[in-house]
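Trainee: I should like to understand how the terms used for a protein structure are justified. May we examine one together?

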Amino acid sequence: MNTTKVGLVSLGCAKNRVDSENLLGMLREQGMEIVADPAEADVIFVNTCGFIEAAKKESIEEILELARLK
């Protein structure tokens, strides 16, 4: 059985980074392999916020770029 490879991109504030690290820990506990390179991932999580218009634009651009990998 292959292990699901998971990538995570964290955009935004320090709280997002902490939340992302917690999420990665939970995913690892479930037996998933965490990879640094999104191109190697089977699944990519993008943790971001949408409070500021510039952040929304950055998030959309990042998501579209990551989607091109898949």
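Mentor: Let us begin with a definition: a residue is buried under 20% relative accessible area, exposed over 50%, and partly exposed in between. Please keep in mind that this is a predicted model.

Trainee: Why is Ile52 called exposed?

Mentor: The relative accessibility of Ile52 is 54%. The cut-off for exposed is over 50%, so Ile52 counts as exposed. Ile52 is placed in the loop between β3 and α2 (53-69).

Trainee: Why does Glu40 count as partly exposed?

Mentor: Glu40 has a relative accessibility of 46%. Partly exposed covers what lies between 20% and 50%, and therefore Glu40 belongs there. Glu40 also sits in a loop, the one between β2 (33-34) and β3 (43-47).

Trainee: What makes a negative surface patch of Glu33, Asp37, Glu40 and Asp42?

Mentor: Asp and Glu count as negative. A patch takes residues with over 30% relative accessible area and no salt bridge, and joins like charges within 9 Å. Glu33, Asp37, Glu40 and Asp42 form such a patch; for Glu40, the value is 46%.

Trainee: How do you know that Lys15 and Asp19 form a salt bridge?

Mentor: The closest N and O atoms of this pair are 3.2 Å apart. The limit is within 4 Å, so the contact between Lys15 and Asp19 qualifies. Both residues lie in helix α1 (residues 14-29), four residues apart, which is about one turn of the helix. Lys15 is exposed at 54%, whereas Asp19 is partly exposed at 32%.

Trainee: What makes the contact of Glu53 and Lys56 a salt bridge?

Mentor: The N to O distance is 3.9 Å, and the limit is within 4 Å, so Glu53 and Lys56 also qualify. Both are in helix α2, three residues apart. A search of the whole structure finds three salt bridges; one of them joins Arg68 and Glu65 at 3.0 Å.

Trainee: How do you know that β1 and β2 pair?

Mentor: Two strands pair if at least two bridges are found between them. Strand β1 (residues 5-10) and β2 share two bridges in the parallel sense, so the condition is met. Lys5, for instance, has Glu33 in β2 as its bridge partner.

Trainee: Why are β2 and β3 called edge strands?

Mentor: The open sheet has three strands in the order β2-β1-β3, with parallel pairing. Strands β2 and β3 each pair on one side only, and this makes them the edge strands.

How values were computed. Residues numbered from 1 in each chain as written. Predicted model: local features only at pLDDT ≥ 70, side-chain atom pairs only at ≥ 80, totals over all residues. Heavy atoms only, no water. Patch = residues over 30% accessible without salt bridge, like charges linked within 9 Å, V, L, I, M, F, W, Y side chains within 5 Å. Areas by Shrake-Rupley, 256 points an atom, 1.4 Å probe, with all protein chains shown as cover. Salt bridge = Lys/Arg side-chain N within 4 Å of Asp/Glu carboxyl O. Charge placed at Lys NZ, Arg CZ, Asp CG, Glu CD. Buried < 20%, exposed > 50% of the residue type's maximum accessible area, 1.4 Å probe, protein only.
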